[in-house]
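Trainee: Could you walk me through this structure, one question at a time?
Mentor: Gladly; let us put it in front of us.

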Amino acid sequence: MRKSWRLKDIVLMSVLGVVFGFIYLGFFGVGKVLVAILTPFGLGPIGYELIYGIWFIVSIIAAYIIRKPGVAFTAETIAAITEVLVGSTSGPALILSGMVQGLGAEIAFAVTKWKNYQPRILVFSGVSAAFISFPYHFFVSGFHAYESWLIMTMFVIRLLSGAIIAGYFGKILADQLAKTGVLNGYPIGKEIIARHEKSSTNF
């Protein structure tokens, strides 16, 4: 598989990063609502963790579509930069957070030398992003102030959210987009075309 980026790879990766940057920013509002609902029960910090996988999803979608080294990391970083430019209250520190999350997602693909994009690897990527990002946020977001049981609960929920929202639903979104034909020039599109041709020859 050719590993160097082509111009169309860079363009698509950038478009996905910008689009999901806006989506990420919108989900901060969803997180605030969940925090408000759970706070009376002493579970406020879990609010964001329930949907944390959404903030990893572009790294997995972009990597699954383009299938080149560095795509997961770069797409996630572009999304974070977009959030900051659009006006995230988190400021420039959000870019570093995005880079950490993108690195976590990239690790899963690096383990396979960027050759395996099966569902289990996509789910592993979501889990890896959660696993790597949690210690970072533990320090920068002051998680150490919470009780141990709450920290562990947050960690487990983030892992599950990464696996389900980023890994599982990320694959579904990419597959649905590929079925429209707009990604026929990318590995995911070629894979779907080959699958259809194989199915046709079986009849």
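What follows is a set of questions and answers on helices, salt bridges, loops and the surface.

Trainee: Before we start, what kind of model is this, and which residues count for local features?
Mentor: This is a predicted model, in which local features need pLDDT of at least 70 and side-chain atom pairs count only at pLDDT 80 or more, while totals for chains, interfaces and linings use all residues. Residues are numbered from 1 along each chain as its sequence is written, and side-chain values use heavy atoms, with hydrogens and water left out. For local features, then, the value to remember is a pLDDT of at least 70.

Trainee: How far apart are the end C-alpha atoms of helix α4, and what span should its 16 residues have?
Mentor: Helices here are DSSP runs (H or I, at least four residues), numbered from the N terminus. The expected span is 1.5 Å times one less than the number of residues, so the 16 residues of α4 (71–86) should span 22 Å. The model agrees, with end C-alpha atoms that are 22 Å apart.

Trainee: Which helices do the buried residues of α4 pack against?
Mentor: Buried means under 20% relative accessible area, exposed over 50%, and partly exposed in between (1.4 Å probe, protein chains only). In α4 the buried residues include Val71, Ala75, Ile78, Ala79 and Thr82. Taking contact as heavy atoms within 4.5 Å, the buried residues of α4 pack against α1 (7–38), α3 (57–66) and α5 (93–111).

Trainee: Which residue follows α4, and what is its phi?
Mentor: Look just past the helix, where the chain reaches a glycine, Gly87. Gly87 has a positive phi, near 125°.

Trainee: What covers the buried residues of α5?
Mentor: The 19 residues of α5 should span 27 Å, and the end C-alpha atoms are 28 Å apart, which agrees. Among the buried residues of α5 are Leu94, Val100, Gln101, Glu106 and Phe109. Their cover includes α3, α4 and α6.

Trainee: Which residues do salt bridges join into one network with Asp9?
Mentor: A salt bridge is a side-chain nitrogen of Lys or Arg within 4 Å of a carboxyl oxygen of Asp or Glu, and the structure holds five. Asp9, buried at 0% relative accessibility, meets Arg6 at 3.1 Å, N to O, and Lys68 at 2.8 Å between the closest N and O atoms. The pair of Lys68, in the loop between α3 and α4, and Asp9, in helix α1, links parts of the chain 59 residues apart. Shared partners thus give one network of Asp9 with Arg6 and Lys68.

Trainee: How many residues apart in sequence are the parts that Glu191 and Arg67 tie together?
Mentor: The side chains of Glu191 and Arg67 meet in a salt bridge of 3.1 Å, N to O. Glu191 is partly exposed at 29% relative accessible area, whereas Arg67 is buried at 7%. Since Glu191 lies in helix α8 (187–201) and Arg67 in the loop between α3 and α4, the parts tied together are apart in sequence by 124 residues.

Trainee: What is the phi of Arg67?
Mentor: Arg67 is not a glycine, yet its phi is positive. Its place is in the loop between α3 and α4, and the value of its phi is about 60°.

Trainee: Which backbone nitrogen lies 3.4 Å from a polar atom of the side chain of Thr112?
Mentor: Thr112 sits in the loop between α5 and α6 (119–140) and counts as buried at 17% relative accessibility. In that loop, too, is Trp114, which has a positive phi of about 60° without being a glycine. The backbone nitrogen 3.4 Å from the Thr112 side chain belongs to Asn116.

Trainee: Is Ser161 buried or exposed?
Mentor: Ser161 is found in helix α7. Not counting residues up to four places away in sequence, Ser161 touches Glu49, Leu50, Ile51, Tyr52, Gly53 and Ala166. With a relative accessible area of 5%, Ser161 is buried.

Trainee: What accessible area does the nonpolar patch with Leu160 have together?
Mentor: Leu160 lies in helix α7 (148–179). On the surface, Leu160 forms a nonpolar patch with Met152, Val156, Ile164, Tyr168, Phe169 and Ile172. Patch residues have over 30% relative accessible area and no salt bridge, with like charges joined within 9 Å and nonpolar side chains (Val, Leu, Ile, Met, Phe, Trp, Tyr) within 5 Å. By the Shrake-Rupley method with a 1.4 Å probe, only the protein chains shown counting as cover for residues, the accessible area together is about 650 Å².

Definitions and conventions. Helices (H or I, at least four residues) and strands (E, at least two) are DSSP runs, numbered from the N terminus. A polar contact is a pair of N or O atoms within 3.5 Å; within protein, one must be able to donate a hydrogen and the other to accept it, and residues adjacent in sequence count only if both atoms are side-chain atoms.
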